[in-house]
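I opened this model to look up its helices, its surface and its annotated positions. My entries follow in the order in which I made them.

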Amino acid sequence: TSSACRHLENLIGRHQQCFRALCCKGPPPPRPEYDLVCIGLTGSGKTSLLSQLCSESPENIVSTTGFSIKAVPFQNAILNVKELGGADNIRKYWSRYYQGSQGVIFVLESAFSEDDLKTARNELHPALQHPQLCTLPFLILANHQDKPAARSVQEIKKYFELEPLARGKRWILKPCSLDDMEAVKDSFSLLINLLEERDFEPSRM
């Protein structure tokens, strides 16, 4: 009978452990939040991409003229994205909104004219070297890859001189289009990985 009692106690103990595992886990830990700035020329598709990531209706999308803030939810993080308008008269004020950013999203139109592509390059270069951004992870999205005139990622990397200019920095260059939002989400997941890595780095003195 003593062995039967011990067997019964073991069974009860295992059931209690199972019950605690199933019922006493409590709420999941809160997702980390990161503050990002999103820049790019007018027409690059910043607003459309962010709206799609937030599952907003495409009919309600209006190009950003000043700035807007969206909380973009992902499974393992929430990105608070401050999108800055890309018009000529707004770009000169971009740097006023950089403070507090933990990462950067730069969106460019892959099918831009030569002049617009040069303008985009002239905006990305100082952003990569800006004191408030130069140590942050960059996600560079070559948007509208579905257009016939779209340049490849390799062409854009060469034209924007990313290898020499961004050497030693953490940056990701990815093709994207609204037709393949899963690929866009994958690109943002890579950015989140860089943000998480930065969280675990020892603080710089």
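Entry 1, helix α2. I listed the buried residues of α2 and got K46, T47, L49, L50, S51 and L53. Buried here is under 20% relative accessible area, exposed is over 50%, and partly exposed lies in between, with a 1.4 Å probe and protein chains only. Six of the eight residues of α2 are buried, so I noted the helix as mostly covered. Helices (H or I, at least four residues) and strands (E, at least two) are DSSP runs, numbered from the N terminus. Just after α2, I found S55 with a positive phi of about 60°.

Entry 2, ground rules. I am working with a predicted model, in which local features need pLDDT of at least 70, side-chain atom pairs count only at pLDDT 80 or more, and totals for chains, interfaces and linings use all residues. Residues are numbered from 1 along each chain as its sequence is written, and side-chain values use heavy atoms, with hydrogens and water left out.

Entry 3, annotation. I checked the unreviewed UniProt entry, where the annotation "binding site" covers T47 and T64. UniProt positions are in the numbering used here, feature names are shortened, and annotations may be inferred rather than shown by experiment. T47 lies in α2, residues 46-53. Is T47 buried or exposed? T47 counts as buried, at 12% relative accessibility.

Entry 4, helix α4. I compared the expected and modelled span of α4 (residues 114-129). The expected span is 1.5 Å times one less than the number of residues. For the 16 residues of α4 that gives 22 Å, and the end C-alpha atoms are 23 Å apart, which agrees. The buried residues of α4 include L117, A120, L124 and L128. Polar or charged names also appear in that list, among them R121, E123 and H125. The buried residues of α4 pack against β1 (33-39), α3, β4, β5 (138-143), α5 (153-159) and α6 (162-165).

Entry 5, whole chain. I counted seven helices and six strands in the protein chain. Of its 205 residues, 40% count as buried. Among contacts (heavy atoms within 4.5 Å) between residues at least 6 apart in sequence, 73% join residues at least 24 apart.

Entry 6, Y93. I placed Y93 in the loop between α3 (88-91) and β4 (103-109). Y93 is partly exposed, with a relative accessible area of 33%.
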